[in-house]
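Welcome! Take a moment to look over the structure shown here, and then let us walk through it together.

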Amino acid sequence: MLVLTPSVAFAHANPLLLTLVGEFVVKNVVLLAGVVVVTTVPARPTREDALHGLPERS
């Protein structure tokens, strides 16, 4: 959307001035990126896991 129709997302051809539609698109892209990062980063083993000899989480 931002690439195909920039006039809908940006006001006065300025990439720093978002329209209402542009704000929603950018918000959704940022939220989606956060979900991807949170779900793909592996969990680190905790101190309790090391003390109890549990295998590392994957």
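## A helix to start from

Let us begin with Val26, whose place is in helix H2, the stretch covering residues 20-40. Val26 is partly exposed, because its relative accessible area is 31%, a value between the limits of 20% and 50%. Together with Leu18 and Val30, Val26 makes a nonpolar patch on the surface, about 210 Å² in area.

## The whole chain

Now step back to the overall layout. The model you are viewing is predicted. How many helices and strands does the protein chain have? There are 3 helices and 0 strands, so reading along the sequence gives the pattern α-α-α.

What share of the residues counts as buried? Of the 58 residues in the protein chain, 7% do. The chain exposes about 5,100 Å², and 69% of that area is supplied by carbon and sulfur atoms.

## How confident is the prediction?

The protein chain has a mean pLDDT of 83, and 81% of its residues reach 70 or more. Which elements have the lowest and the highest mean pLDDT? Helix H3, residues 47-52, has the lowest, at 69, while H2 has the highest, at 94. A general caution is useful when looking at the model: where pLDDT is low, the predicted coordinates should not be read in detail.

## Along the loop between H1 and H2

The loop between helix H1 (6-9) and H2 is a good place to look next, and Ala11 is found there. Is Ala11 buried or exposed? Neither word fits: Ala11 is partly exposed, because its relative accessible area is 21% and buried means under 20%. Setting aside neighbours within four places in sequence, Ala11 is in contact with Leu17 and Thr19. Ala11 can also be compared in position with Gly22, which is 11 residues away along the chain; their C-alpha atoms are separated by 9.0 Å.

His12 lies in this loop, and so does Ala13. His12 has a positive phi of about 60 degrees, although it is not a glycine. Ala13 likewise has a positive phi, near 60 degrees, and is a residue other than glycine. For background, most residues other than glycine have a negative phi. His12 is exposed, because its relative accessible area is 76% and the limit for that word is over 50%. Ala13 is exposed for the same kind of reason, with a relative accessible area of 74%.

Pro15 is found in the loop between H1 and H2 as well. Pro15 is exposed, with a relative accessible area of 57%. Where does Pro15 sit with respect to Leu2? The two are 13 residues apart in sequence, and their C-alpha atoms are 9.8 Å apart in space.

## A stop in helix H1

Finally, find Ser7, which lies in helix H1. Ser7 is exposed, with a relative accessible area of 65%. How many residues apart in sequence are Ser7 and Thr19? They are 12 residues apart, and the distance between them, C-alpha to C-alpha, is 9.1 Å. You have met Thr19 already, as one of the residues in contact with Ala11.

Methods
Residues are numbered from 1 along each chain as its sequence is written. This is a predicted model: local features need pLDDT of at least 70, side-chain atom pairs count only at pLDDT 80 or more; totals for chains, interfaces and linings use all residues. Side-chain values use heavy atoms; hydrogens and water are left out. Helices (H or I, at least four residues) and strands (E, at least two) are DSSP runs, numbered from the N terminus. Buried means under 20% relative accessible area, exposed over 50%, partly exposed in between (1.4 Å probe, protein chains only). Accessible areas come from the Shrake-Rupley method with a 1.4 Å probe; for residues, only the protein chains shown count as cover. Patches are made of residues with over 30% relative accessible area and no salt bridge: like charges are joined within 9 Å, nonpolar side chains (Val, Leu, Ile, Met, Phe, Trp, Tyr) within 5 Å. A salt bridge is a side-chain nitrogen of Lys or Arg within 4 Å of a carboxyl oxygen of Asp or Glu. Contact means heavy atoms within 4.5 Å. pLDDT is the predictor's confidence in each residue, from 0 to 100.
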